[in-house]
Amino acid sequence: MESWRKLRARMETTRLPEDLDDGLERLEDYIHRWRSVRIIYFTMFLMALGFSIILTGIWPFLSELDPSAGKEFMGLIVAANPLGQMIFSPIFGWWGNKLGTIRLPLLISLGLFTIASGLYSSLELCQDNVKYWMLASRFLIGVSSANIALCRSYLSAATRLSERTHAVSMVSLAQVLGFIIGPGLQALVTPLGRHGHVWLWGAMHVNMYTASGWINVIMSMGNFVMFLPFIFQEHKIAAREIMVMQGGTSERDTWKAIKPNYFSAWTLIVAFFVLVFNFVLLETLGTSLTMDMFAWTNDEALYYMGIFMAIAAIISLVTFVLIEPMCKLFAERFVLIWGGFSLMVIGRLLYIPWGPDPPKLAMAYNASANLSSSDPIYLGCPPTQDWCPNLPALTLTQFIIGFALTSVGYPIGVTLIQTIFSKVLGPRPQGVWMGLMTGAGCLSRVMGPVFVGSIYTRLGTYWTFGFTSVMMIISMIWLLCSNQLLIPPTFDKLAKVVELQELHKPNDQSNADANLPIDEVEDELLATSKVVRILPSSKA
């Protein structure tokens with residue numbers, strides 16, 4: 001216990017960083033603000049985990065529950081999650097702006113997430129229409145995950161300009177790790193097998209498929225507690241920082257006077273859609289693609305894809321650490337284009353098959369043959385996919401290299417798109433805009449699984465990866481042509497802010513105003529009026 005106390009004392013923040021000691025906040029406010037930001041990190045991780053943890057297991061689980069359900073219905077089930085998120089993200093963003101606080105919407109959404117995850121893990125208890133119950137559970141998880149718009153909006157409001165790139169890098173890391181670690185956790189519980197354990201007199205089945213849902217239940221209950229008032233306290237500083245830089249008198253008047261470049265904002269939303277579409281397509285298609293190309297069994301596909309995802313998580317972690325140093329050497333928009341999109345383009349091109357022979361063809365399953373579905377004669381590219389004997393197979397080398405490039409390019413791209421987007425919008429409340437960006441990412445996750453069912457299953461690998469390669473190349477060219485429009489405004493930094501006693505009172509009125517609905521804010525005078533010039537940033 002003594003060593004633990006010493007460790008906590010060593011890690012405890014005892015003073016503000018020198019570059020932030022400008023009178024905008026007290027040390028106590030700084031500590032509470034960053035505690036709230038780290039809770040947002042965990043929430044983003046959990047919402048991403050809720051989507052990805054079932055991806056590699058959903059097809060074999062659905063096949064066991066309802067053998068008549070095909071890959072096209074699987075695509076609908078996977079798409080139900082982002083569809084719910086896409087519909088409700090702008091609504092949650094607007095709700096957070098209207099309330100002036102994110103606590104209530106987040107608590108409600110986490111409660112729904114817990115119930116929906118428990119429903120998914122209890123599907124074996126459903127007697128009829130089980131595939132539709134699975135569809136409903138995934139849709140409700142998507143609705144609850146719409147709170148991502150609130151998380152992104154709060155992150156923009158609770159960080160200074162100098163902290164934004166680091167904070168968005170970390171929240172993007174949390175989200176990408178959720179996407180990547182999810183299949184890894186699914187692989188971790190694979191040893192439970194199909195039968196697993198029966199708990200609570202048959203009320204709870206814990207096996208290799210349902211354990212992932214119970215993991216979500218436990219983690220979401222912990223996340224719910226984190227947002228209770230005695231732990232999570234909202235501290236918004238972005239608008240106040242710009243107001244003081246401009247020598248303004250009102251946070252609301254400050255952000256209303258700064259008009260965002262809407263063309264830049266929509267360009268970034270489209271780029272975000274393309275990037276997430278390509279990542280989710282690979283993650284959704286990964287299990288069935290490896291089973292088709294390499295003749296792996298269900299268990300082998302789950303196991304090896306879990307290993308690939310775990311390695312990708314390590315690569316992504318290193319990449320996220322390097323983003324901030326890279327952005328100090330090069331402009332953020334160039335790191336986005338050449339470090340993010342270019343690697344994703346190469347990764348997609350590598351997935352166009354160049355193997356010498358077609359993939360191994362599977363025999364049509366015959367129940368009367370009294371053989372297991374994992375018998376070697378039933379493994380490989382299924383006969384229902386007409387293109388299997390006519391196209392070359394994807395090689396394992398191609399798959400691994402393309403997967404590795406995606407593990408580097410996607411974290412860079414998704415982080416810097418969100419960073420530049422939040423800066424382009426300025427200090428205004430960003431709930432609705434972040435809802436639109438979240439909705440664009442969700443639309444890509446809706447279309448990805450449907451794309452698998454309609455393009456990959458019917459037309460094959462050439463059409464699938466040829467189309468996505470062209471999509472990535474066009475997006476990269478568009479970003480290159482419009483890169484000057486991606487430069488967000490920056491502000492002349494004033495001298496150190498005069499310490500104002502009213503700013504540091506326990507009942508800080510300006511802090512209270514920041515949490516009011518945006519149409520009711522009346523900010524107090526915080527600094528004397530000065531004129532500020534808005535300049536383009538060379539490091540944007």
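This tour moves through a predicted model, from the whole chain to selected residues.

**The whole chain**

Begin with the protein chain in a cartoon representation, coloured by secondary structure. The chain holds 18 helices and four strands. Of its 540 residues, 58% count as buried. Switching to a surface representation brings up an accessible surface of about 22,700 Å²; carbon and sulfur atoms account for 67% of that area. For the contact map, consider the contacts between residues at least 6 apart in sequence: 82% of these join residues at least 24 apart.

**Helix α2 and Tyr30**

Select residues 27–52, which form helix α2, and then display the side chain of Tyr30, which lies in this helix. Is Tyr30 buried or exposed? Its relative accessible area is 14%, so Tyr30 is buried, the cut-off for that class being under 20%. Next, add His235 to the selection and draw a distance between the two C-alpha atoms. Tyr30 and His235 stand 205 residues apart in sequence, while their C-alpha atoms are 8.4 Å apart in space.

**Helix α13 and a surface patch**

Move to residues 298–329, the extent of helix α13, and pick out Tyr304 within that helix. The relative accessibility of Tyr304 is 34%, and therefore Tyr304 counts as partly exposed. Now extend the selection to Tyr303, Ile307 and Ile311, and show the surface of the group. Together with Tyr304, these residues make a nonpolar surface patch of about 370 Å².

**The cysteines**

Select Cys381 and Cys388 and show their side chains as sticks. Which residues does the disulfide join? The bond links Cys381 to Cys388, with an S to S distance of 1.9 Å. The count for the model comes to one disulfide. A dihedral drawn about the S-S bond gives -55°, and the link of Cys381 and Cys388 is left-handed. Both Cys381 and Cys388 are buried.

Two further cysteines offer a contrast in accessibility. Select Cys327 first: its relative accessibility is 8%, so Cys327 counts as buried. Then select Cys481. Why does Cys481 fall in the exposed class? Cys481 is exposed because its relative accessible area is 64%, and the exposed class covers values over 50%.

**Closing view**

To finish, keep three selections on display: Tyr30 with His235, whose C-alpha atoms are 8.4 Å apart; the nonpolar patch that includes Tyr304; and the disulfide of Cys381 and Cys388.

Terms used
Residues are numbered from 1 along each chain as its sequence is written. This is a predicted model: local features need pLDDT of at least 70, side-chain atom pairs count only at pLDDT 80 or more; totals for chains, interfaces and linings use all residues. Side-chain values use heavy atoms; hydrogens and water are left out. Patches are made of residues with over 30% relative accessible area and no salt bridge: like charges are joined within 9 Å, nonpolar side chains (Val, Leu, Ile, Met, Phe, Trp, Tyr) within 5 Å. Accessible areas come from the Shrake-Rupley method with a 1.4 Å probe; for residues, only the protein chains shown count as cover. A salt bridge is a side-chain nitrogen of Lys or Arg within 4 Å of a carboxyl oxygen of Asp or Glu. Helices (H or I, at least four residues) and strands (E, at least two) are DSSP runs, numbered from the N terminus. Buried means under 20% relative accessible area, exposed over 50%, partly exposed in between (1.4 Å probe, protein chains only). A disulfide is a pair of cysteine sulfur atoms within 2.5 Å. Contact means heavy atoms within 4.5 Å.
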